[in-house]
Amino acid sequence: MIKKIDHIGIAVKDLETALKLYEEVLGLKSAGTEVVEEQKVKVAFLPTGDSEVELLESTSPDGPIAKYIAKNGEGIQHLAFRVDNLEQRLAELKEKGIRLIDEKPRYGAGGAKIAFLHPKSTFGVLIELCERD
Ligand code: ZN
């Protein structure tokens, strides 16, 4: 079911400041930034070999990333696995009793189809499943 780790999502307070570390110090290169209105985030993707780092800054104090940072501080917020046929995978997981945050795929940055699994079903890790063309 899992093809690879697609990306690791990191919640940051300030995207520009975080990009300085990842680009100027660690030498990665941002593939661009995008605002995803539905999730109230501004994201930057930094390709790292076969996977990517996703930096997420909240665009609103009541967005999920702002809430995450208020509770946990900045840091790794989710792990994203690449899958094919996301809709079918979600149906299979539901049948196996896995708690889903999204029962249907929704829009993710870069035009991906994404869905989250509930951390209560995944040993405390927020897992995103991600399908790309
Ligand atoms: Zn993500």
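These are my notebook entries on a predicted model, covering its sheet, two of its helices and its zinc site.

**Entry 1, the sheet.** I began with the strand order and found an open sheet of eight strands, which runs E2-E3-E4-E1-E5-E8-E7-E6 with mixed pairing. E2 and strand E6 (106-108) stand at the edges with a single partner strand each, so one side of each has no neighbour in the sheet. I also looked up the twist, and neighbouring strands of this sheet are turned by 35° against each other on average, when direction is ignored.

**Entry 2, the edge pairs.** At one edge, I traced strand E2 (residues 33-36) and strand E3 (residues 41-48), which pair in the antiparallel sense over four bridges. Valine 36 has valine 41 in E3 as its bridge partner. The two strands E2 and E3 form a hairpin with four residues between them, and in the turn I noted lysine 40, which has a positive phi of about 55°. At the other edge, E6 and E7 pair in the antiparallel sense over three bridges, and here glycine 108 has alanine 112 in E7 as its bridge partner.

**Entry 3, the helices.** I then turned to helix H1 (residues 15-25), which lies across E1, E2, E3 and E4 and runs at about 5° to E3. In helix H3 (residues 86-95), I found Leu86, Arg89, Leu90 and Leu93 to be buried. These residues cover an arc of only 100° around the axis, which means that they sit on the same side of H3. The buried residues of H3 pack against strand E7 (112-117) and strand E8 (127-131). After H3 comes glycine 97, and I noted that its phi is positive, near 85°.

**Entry 4, the zinc site.** Which residues coordinate the zinc ion? I found His7 and His78, each through NE2, together with Glu54 and Glu128, each through OE, at 2.1 to 2.2 Å. The pair of histidine 7 in strand E1 (residues 4-12) and glutamate 54 in strand E4 (residues 51-58) links distant parts of the chain, as the two are 47 residues apart. Along the sequence, I wrote the spacing of the donor residues as H-x46-E-x23-H-x49-E.

Why is the arrangement around the zinc ion irregular? The four donor atoms subtend angles of 84 to 167°, whereas a tetrahedral site would need all angles between 85 and 135 degrees.

Lastly, I checked whether two of these donor residues are buried, taking under 20% relative accessible area as the cut-off. Histidine 7 counts as buried because its relative accessibility is 1%, and glutamate 54 is buried as well, with a relative accessible area of 6%.

Technical notes: Residues are numbered from 1 along each chain as its sequence is written. This is a predicted model: local features need pLDDT of at least 70, side-chain atom pairs count only at pLDDT 80 or more; totals for chains, interfaces and linings use all residues. Side-chain values use heavy atoms; hydrogens and water are left out. Donors are N, O and S atoms within 2.8 Å of the metal (3.2 Å for Na, K and Ca); water is not among the atoms, so sites may look incomplete. Four donors count as tetrahedral if all angles lie between 85 and 135 degrees; four count as square planar and six as octahedral if opposite donors are over 155 degrees apart and all others between 65 and 115; anything else is irregular. Buried means under 20% relative accessible area, exposed over 50%, partly exposed in between (1.4 Å probe, protein chains only). Two strands pair if DSSP finds at least two bridges between them. The arc is that of the directions from the helix axis to the C-beta atoms. Contact means heavy atoms within 4.5 Å. Axes are lines fitted to C-alpha atoms, for helices over the stretch in contact, and angles run from 0 to 180 degrees between N-to-C directions.
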